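Hello,

I am passing on a structure that is new to you, and my notes on it follow below. Have a look at it first, then read on at your own pace.

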Amino acid sequence: MKAMQKFTEMSEDFYRARIEKIVEKLISEKESFKNLDKYNTAESLAELMRIKFSPENFLRISENELAEKVRKVMAVKALSHLLDDFTPEQKQIFNKTVSGT
């Protein structure tokens, strides 16, 4: 049982290590990602990749392809917080503008 637990931990570390490098690079390069929490972003992306890809398939993803996948998810995360700093009045104006009314 300990061997399986050790394998699982190593697998989790592998996903996280590969993702963390990309997250750190994107946060340092893109102003729009500066407000994302590096640790939580890397953790959630690593978990997503663990669910979506077996270790073998994850290894087959090129660095460029993985970076693009990570960038897209980070963009959605960044956009989801776009309105956090808006006042209720600003949110109302934004919603009216977007809906065209």
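**The nonpolar core**

The largest nonpolar core holds 19 residues, and those with the most contacts inside it are I19, V23, F58, L66, V70 and M74. Three elements give two or more residues to this core: α1, α2 (38-52) and α4. The largest share, six residues, comes from α1. As general background, nonpolar side chains tend to be buried together in soluble globular proteins.

Please keep in mind that this is a predicted model.

F58, one of the core residues with the most contacts, is a good place to start looking. Not counting residues up to four places away in sequence, F58 touches F14, Y15, R18, I19, M49, F53 and L66. Two of the names in that list, I19 and L66, are also among the core residues with the most contacts.

**The chain as a whole**

Now for the wider view. The protein chain has five helices and zero strands, so reading along the sequence gives the pattern α-α-α-α-α. Of the 101 residues in the chain, 24% are buried. If you take the contacts between residues at least 6 apart in sequence, 70% of them join residues at least 24 apart.

**Two residues to look at together**

Is T41 buried or exposed? T41 is found in helix α2, and it counts as buried because its relative accessibility is 3%, where the cut-off for buried is under 20%. Leaving aside neighbours within four places in sequence, T41 is in contact with V23, L36, M74 and K77. Of these, V23 and M74 also appear among the core residues with the most contacts.

V73 has its place in helix α4. With a relative accessible area of 25%, V73 is partly exposed. Once neighbours within four places in sequence are set aside, V73 is in contact with L45 and L48. The C-alpha atoms of V73 and T41 are separated by 9.4 Å, while the two residues are 32 apart along the chain.

**Salt bridges**

How many salt bridges are there? The count comes to seven, and here are three of them that you can find in the view.

- D13 and R16: their side chains meet in a salt bridge, at 2.4 Å from N to O. Both residues lie in helix α1, three residues apart, which is about one turn of the helix. D13 counts as partly exposed, at 40% relative accessibility.
- E65 and K69: this salt bridge has its closest N and O atoms 3.8 Å apart. The two residues are separated by about one helical turn, because they are four residues apart in helix α4. E65 is partly exposed, with a relative accessible area of 40%, and K69 is partly exposed as well, with 28%.
- R71 and E68: the closest N and O atoms of this salt bridge are 2.6 Å apart. Both residues lie in helix α4, three residues apart, about one turn of the helix. R71 is partly exposed, with a relative accessible area of 28%, and E68 counts as partly exposed at 32%.

There is also a network to look for: salt bridges that share partners join D13, R16 and E43.

**Pockets**

The largest pocket has a volume of about 290 Å³. Its lining is made up of 13 residues, and S32, N35, A78, H81 and L82 lie nearest its centre. By type, the lining divides into six nonpolar, three polar and four charged residues.

The second largest pocket contains about 170 Å³ of space. Which residues line the second largest pocket? They are K21, I22, K25, L26, E29, E63, N64, A67, E68 and R71. The elements that give two or more residues to this lining are α1 (2-29) and α4 (63-80). By type, the lining of the second largest pocket divides into three nonpolar, one polar and six charged residues. E68 and R71 may look familiar here: both belong to this lining, and they are the partners of the salt bridge with closest N and O atoms 2.6 Å apart.

I hope these notes help you find your way around.

Best wishes

Key. Residues are numbered from 1 along each chain as its sequence is written. This is a predicted model: local features need pLDDT of at least 70, side-chain atom pairs count only at pLDDT 80 or more; totals for chains, interfaces and linings use all residues. Side-chain values use heavy atoms; hydrogens and water are left out. On a 1 Å grid over the protein atoms alone, a cavity is a set of points where a 1.4 Å probe fits but cannot get out, and a pocket is an open set with protein on both sides within 12 Å along at least five of seven lines; lining residues have an atom within 4 Å of a point. Grid points are joined across faces, edges and corners, and a volume is the space filled by probe spheres set on the points. Ala, Val, Leu, Ile, Met, Phe, Trp, Tyr, Cys and Pro count as nonpolar, Asp, Glu, Lys and Arg as charged, and the others, Gly among them, as polar. A salt bridge is a side-chain nitrogen of Lys or Arg within 4 Å of a carboxyl oxygen of Asp or Glu. Buried means under 20% relative accessible area, exposed over 50%, partly exposed in between (1.4 Å probe, protein chains only). A nonpolar core is a set of buried Ala, Val, Leu, Ile, Met, Phe, Trp, Tyr and Cys residues joined through side-chain atoms within 4.5 Å. Contact means heavy atoms within 4.5 Å.
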